[in-house]
Amino acid sequence: MSIHSLSRTLSILQTGIDSGLHPGAQIYVALDGHIVVDDAIGIARPNVAMNRDTLTLWMSAGKPVAAVAIMQLVDRGLFTLDTKVVDIIPEFGQNGKEAITLRHILTHTAGFRGPLNNFTPGSWEEILQRVYALKQEPGWVPGEKAGYHIGSSWFVLGEIVRRADGRPIDRYVREAVFAPLDEPDAYVGIPEQIFDSREQELALMYVTEKEPTTDWPGNSRDANTLARPGANARGPIRALGKMYGSLANEGLLSRVSGAMLASRERTGMLDLTFKQILDWGLGVMIDSKQYSGGGSSREHVYGFGPYASPDTYGHSGNQSSCAYCDPRHKLVVAWTCNGMPGEAKHQARASAINRAIYEDLGLA
C-alpha cells in the first residue's frame with residue numbers, strides 16, 4: 001500500500017471534467033517500481049463510465065511503442081540504426097530519399113514530413129505507396145535538419161518491422177511488446193472483431209474546443225482498426241506506463257538498447273515542425289527545458305513539467321495524453337484525457353497535471 005496520495009493531481013483531472021476540457025481520464029503512476037495509482041474518472045462515452053481497463057486512444061503518446069519494436073529488432077541483430085531504409089524497403093528509395101537511415105527516422109531528422117496524416121484513408125499498402133512517393137524536402141540533408149514527422153515515417157517503421165520480423169506491426173506489438181507486460185488488451189490497430197464486439201468499451205475522443213463533439217476522424221472504425229503506428233495505439237493507459245517501467249529495468253530491451261533509446265541522439269536542433277529547440281532520443285523526446293530560459297520553475301511547452309529531471313524521456317499525444325520515465329526519480333507516468341480542448345488549454349492542463357504529480361509525491 002503506497003503512502004503517497006495524488007490528491008492534487010486527481011483534483012486537476014476532476015476540474016478538467018467539471019470545466020468541459022474532457023469527459024474522462026485515466027492515470028497510471030509508479031514510483032521506484034511500486035504502483036502509486038492506476039485509476040480512472042469520468043466517462044468514456046455517453047452513459048459509459050471510464051475505468052482503469054477502458055481502451056483509451058493514446059494518439060502520438062503511443063509512437064514510442066513502434067520505437068521499442070525497432071530497438072528489439074536491433075537487439076536481435078536484424079539491422080542497425082545506421083541501416084538505410086532502402087536496404088529493407090527498396091521501394092522507399094524514390095525522390096531523393098535513398099540516404100535516409102533508421103536513426104534519421106527515429107530522431108525526426110529524415111526530412112519527408114509530407115502532406116500525409118495519421119488518419120489518411122486507404123489500406124496499409126495504399127498508404128505506404130503514398131509515403132514512398134513523398135519527396136525529400138528541398139535543401140534537407142538527412143541528419144542535418146530536424147522536423148517532427150507526424151505520420152509518414154511511422155508507417156515506414158511499421159513496414160520495417162513486418163519485413164524484418166515477418167509479423168505485421170499490429171500483431172508484433174501485441175506479442176512482443178504488450179504480452180510480456182501482461183497487457184493483452186493493448187493494441188496498435190485494434191482487430192476488427194474486437195472493435196465490432198467491444199465498441200462500447202472503447203473510449204471516444206471528444207473535441208471540446210467549442211461545443212463538445214465526437215464527430216472526429218480518429219473515432220471511426222477504419223481509423224482504429226488499421227494499424228497506424230503514429231497515432232492509434234489503444235488500451236488501458238497503464239500498459240503504456242508499464243512499457244516505460246520495463247525500459248527502465250531492462251525488460252523489453254537490452255541494457256544497451258534501452259540506454260540508446262533514452263539518450264540524447266539529437267541535441268540543440270530547431271524542430272521545424274514545432275518551431276522549438278528540442279532534444280530527441282530514439283523515438284522519444286528528452287526533457288528540453290534548458291532551452292526555455294528563466295529560473296528553476298521554467299518548463300518547455302512540449303516537455304514534462306518544471307520538476308522533471310534532465311534525463312526524463314517520453315512522448316505526448318495530440319491535446320490529450322502524456323507518458324514518460326524520469327530515471328533520476330525512478331518515476332513512471334502515463335495519463336490520458338479523452339478531450340481535445342485546443343492546444344493552449346491542453347498545454348495548461350498538461351503542465352498542471354505533470355507539476356501536481358511531482359508535488360503530490362514530494363519530488364518537487
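**Rings, bridges and a small sheet**

Hello everyone, let me open with one residue: glutamate 159 has a relative accessibility of 0%, so it counts as buried. Please keep in mind throughout that this is a predicted model.

So who is the partner of glutamate 159? Glutamate 159 makes a salt bridge with arginine 163, and their closest N and O atoms are 2.7 Å apart. The two residues sit in helix α5 (residues 152-165), 4 residues apart, which is about one turn of the helix. Arginine 163 itself is partly exposed, with a relative accessible area of 29%. For this pair, then, the acid is buried, while the base is partly exposed.

Let's widen the view to the other salt bridges. How many salt bridges does a search of the whole structure find? The search gives 26. One of them joins the side chains of aspartate 82 and arginine 103, at 2.8 Å from N to O. Aspartate 82 is in the loop between α2 (63-75) and α3, and arginine 103 is in helix α3, so this contact ties together parts 21 residues apart in sequence. Both ends show some surface: aspartate 82 is partly exposed at 47% relative accessible area, and arginine 103 is partly exposed at 24%.

Next, have a look at aspartate 196 and arginine 221, a salt bridge whose closest N and O atoms are 2.8 Å apart. Here two helices are involved: aspartate 196 belongs to helix α7 (residues 192-198) and arginine 221 to helix α8, with their positions 25 residues apart in the chain, and the pair links distant parts of it. Aspartate 196 has 44% relative accessibility and counts as partly exposed; arginine 221, at 35%, is partly exposed too. There is also a network for you to find on the screen: Asp38, Arg52, Asp53, Glu183, Arg238 and Lys242 are joined by salt bridges that share partners.

Now to the rings. The structure holds 10 aromatic pairs. In one of them, phenylalanine 119 and tryptophan 216 have ring centres 5.5 Å apart and planes at 80°, so this pair is edge-to-face. What parts of the chain does the pair tie together? Phenylalanine 119 comes from the loop between α3 (102-106) and α4 (124-132), and tryptophan 216 from the loop between β6 (206-207) and α8 (221-225), so the parts it ties together are 97 residues apart in sequence. Phenylalanine 119 and tryptophan 216 are both buried.

Compare that with tyrosine 244 and tyrosine 313, where the centres are 6.0 Å apart and the planes stand at 45°, so the pair is tilted. This one links helix α9 (residues 237-248), home of tyrosine 244, to strand β11 (residues 313-317), which holds tyrosine 313, over 69 residues of sequence. Again, both residues are buried.

Two more ring features deserve a quick mention. Tyr148, Phe274, Trp280 and Tyr302 come together as one aromatic cluster. And the charged end of lysine 97 sits over the ring of phenylalanine 92, 4.9 Å from the ring centre.

Last stop, the sheet. Three strands make an open sheet in the order β4-β7-β5, with antiparallel pairing. Which strands are at the edges? They are β4 (56-57) and β5 (187-188), each pairing on one side only. Between β5 and β7 (residues 233-235) there are 2 bridges, and the strands run antiparallel. If you want a landmark there, valine 188 stands opposite alanine 233 in β7.

Thanks for listening!

Notes: Residues are numbered from 1 along each chain as its sequence is written. This is a predicted model: local features need pLDDT of at least 70, side-chain atom pairs count only at pLDDT 80 or more; totals for chains, interfaces and linings use all residues. Side-chain values use heavy atoms; hydrogens and water are left out. Rings of Phe, Tyr and Trp (its six-membered ring) pair if their centres lie within 6.5 Å; planes under 30 degrees apart count as stacked, over 60 as edge-to-face and the rest as tilted. Buried means under 20% relative accessible area, exposed over 50%, partly exposed in between (1.4 Å probe, protein chains only). A charge sits over a ring if NZ of Lys or CZ of Arg is within 6 Å of the ring centre and within 35 degrees of the ring normal. Two strands pair if DSSP finds at least two bridges between them. A salt bridge is a side-chain nitrogen of Lys or Arg within 4 Å of a carboxyl oxygen of Asp or Glu.
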